[in-house]
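Open the model in your viewer and keep the selection panel at hand. The tour below goes stop by stop: select, look, move on.

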Amino acid sequence: MTKPILCLDFDGVLHSYTSGWRGAHFIPDPPVPGAMAFLIEAVKHFDVNIFSSRSHQDGGIRAMQSWIDYWLDQEFGWDKGADVVATANQARNDLVYPTEKPPAMISIDDRALTFTGQWPAMETLLTFKPWNKLPKLAVGVGDIERMMDAGQSMNLNVDGTVTPKPVSQ
Ligand SMILES: [Mg+2]
C-alpha cells in the first residue's frame, strides 16, 4: 500500500540547530527532543521524505543520514532491547532523502506559514521567527496556573516574563 508523503525539514525540525549554519555536511547539534521517536512512529504511517537546503549540496544527504543513524543508536540502541532496535532500523531503512521537493501530502518546516487563502501582511513575513527563536516564558506554567486559579489578571511582558496585573483602584 502506498503511504502518503510526509516532507520533513531538517534544520530546526529534526536537528535542534542551536549553533547555526556550519556547512551542508556538518551537523553539530543534538535532535529536537522527541525527533527520533517521531521518525520511528511516522514511517509506520507515511513515506517520510527528509528534504532540506542540505539535500542538493555535496555531502548534505550523507551527513543527515549519518546524524540520524547516530541519534537513533543513541536513543534506541541495543540497551533498549532487540524489538526497539528493530523499529529504529525500520525507520532508518524507510527514510527517503529526495534532492527535489517531493509531492508531499503534508510538510513540517520551522520556517513556513500554512496558507489559508488569506495573503499574509509583509510585516508578518518580515518579522517571522521560528519556534526556537521566540522569547521563552520566564515563569513556569505552574506559576501561571496559580495566578489564574486566584483570578489574578496577568501582564505578558516583552522580555517573556509574566507578572500580576496591578489592580486598578
Ligand atoms: Mg528549517
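This is a predicted model. Number residues from 1 along the chain as the sequence is written.

**Stop 1: the two domains**

Colour residues 5-113 as domain 1 and residues 135-164 as domain 2. Now place a centre on each, using C-alpha atoms. The two centres are 35 Å apart.

**Stop 2: H1 against H3**

Select helix H1, residues 35-45, and helix H3, residues 82-94. How do two packed helices get described? By the angle between their axes and the distance between the axes. Here the axes come within 9 Å and cross at roughly 70°. Angles of 65 to 115 degrees count as roughly perpendicular, and H1 and H3 are therefore roughly perpendicular to each other. The crossing of H1 past H3 is left-handed.

Show the side chains at this contact. From H1, pick Leu39, Ile40 and Val43. From H3, pick Thr87, Ala88, Gln90, Ala91 and Asp94. The residues of this H1 and H3 contact divide into 5 nonpolar, 2 polar and 1 charged.

Stay on Gln90, which sits in helix H3. Is Gln90 buried or partly exposed? Gln90 is partly exposed, because 14 other C-beta atoms lie within 10 Å. Draw a distance from its C-alpha atom to that of Val43. The viewer should give 7.9 Å, for two residues 47 apart along the chain.

**Stop 3: the start of H1**

Select Ala35, which lies in helix H1. Ala35 has 20 C-beta neighbours inside 10 Å, so Ala35 counts as buried. Next, add His25 to the selection. Ala35 and His25 are 10 residues apart in sequence, and their C-alpha atoms are 20 Å apart in space.

**Stop 4: H2 against H3**

Keep H3 on screen and add helix H2, residues 60-75. The axes of H2 and H3 are 10 Å apart, and the packing angle is about 170°. An angle over 145 degrees counts as roughly antiparallel. H2 and H3 are therefore roughly antiparallel to each other.

Now the contact itself. On the H2 side, select Ile68, Asp69 and Leu72. On the H3 side, select Ala88, Ala91 and Arg92. The residues of this H2 and H3 contact divide into 4 nonpolar, no polar and 2 charged. Note two names from Stop 2: Ala88 and Ala91 meet H1, and Ala88 and Ala91 also meet H2.

**Stop 5: the loop between S1 and H1**

Strand S1 covers residues 5-8, and the loop between S1 and H1 holds Tyr17. Ile27 is in the loop between S1 and H1 as well.

Begin with Tyr17. Most residues other than glycine have a negative phi. Tyr17 is not a glycine, yet its phi is positive, about 60°. Tyr17 is partly exposed, because 18 other C-beta atoms lie within 10 Å.

Move to Ile27. Is Ile27 buried or exposed? Ile27 is buried, because 23 other C-beta atoms lie within 10 Å. What does Ile27 contact, leaving aside neighbours within four places in sequence? The partners are His15, Ala63, Met64 and Trp67. Pick Met64 and draw one more distance. The C-alpha atoms of Ile27 and Met64 are separated by 7.6 Å, although the two residues are 37 apart along the chain.

**Stop 6: H5**

Finish at helix H5, residues 141-149. How many of its 9 residues are buried? The number is 0, so H5 lies largely in the open. Then select Gly151, which follows H5. The phi of Gly151 is positive, near 70°.

Conventions: Predicted model: local features only at pLDDT ≥ 70, side-chain atom pairs only at ≥ 80, totals over all residues. Axes fitted to C-alpha atoms, helices over the stretch in contact; angles between N-to-C directions. Helix = DSSP H or I, 4+ residues; strand = E, 2+ residues; numbered from the N terminus. Parallel < 35°, antiparallel > 145°, perpendicular 65-115°, else oblique. Left-handed = near helix turned anticlockwise from the far one by under 90°. Contact = placed C-beta atoms within 7 Å. Nonpolar A, V, L, I, M, F, W, Y, C, P; charged D, E, K, R; others polar. Buried ≥ 20, exposed ≤ 12 C-beta atoms within 10 Å, placed from the backbone. Domains from an automatic or database assignment.
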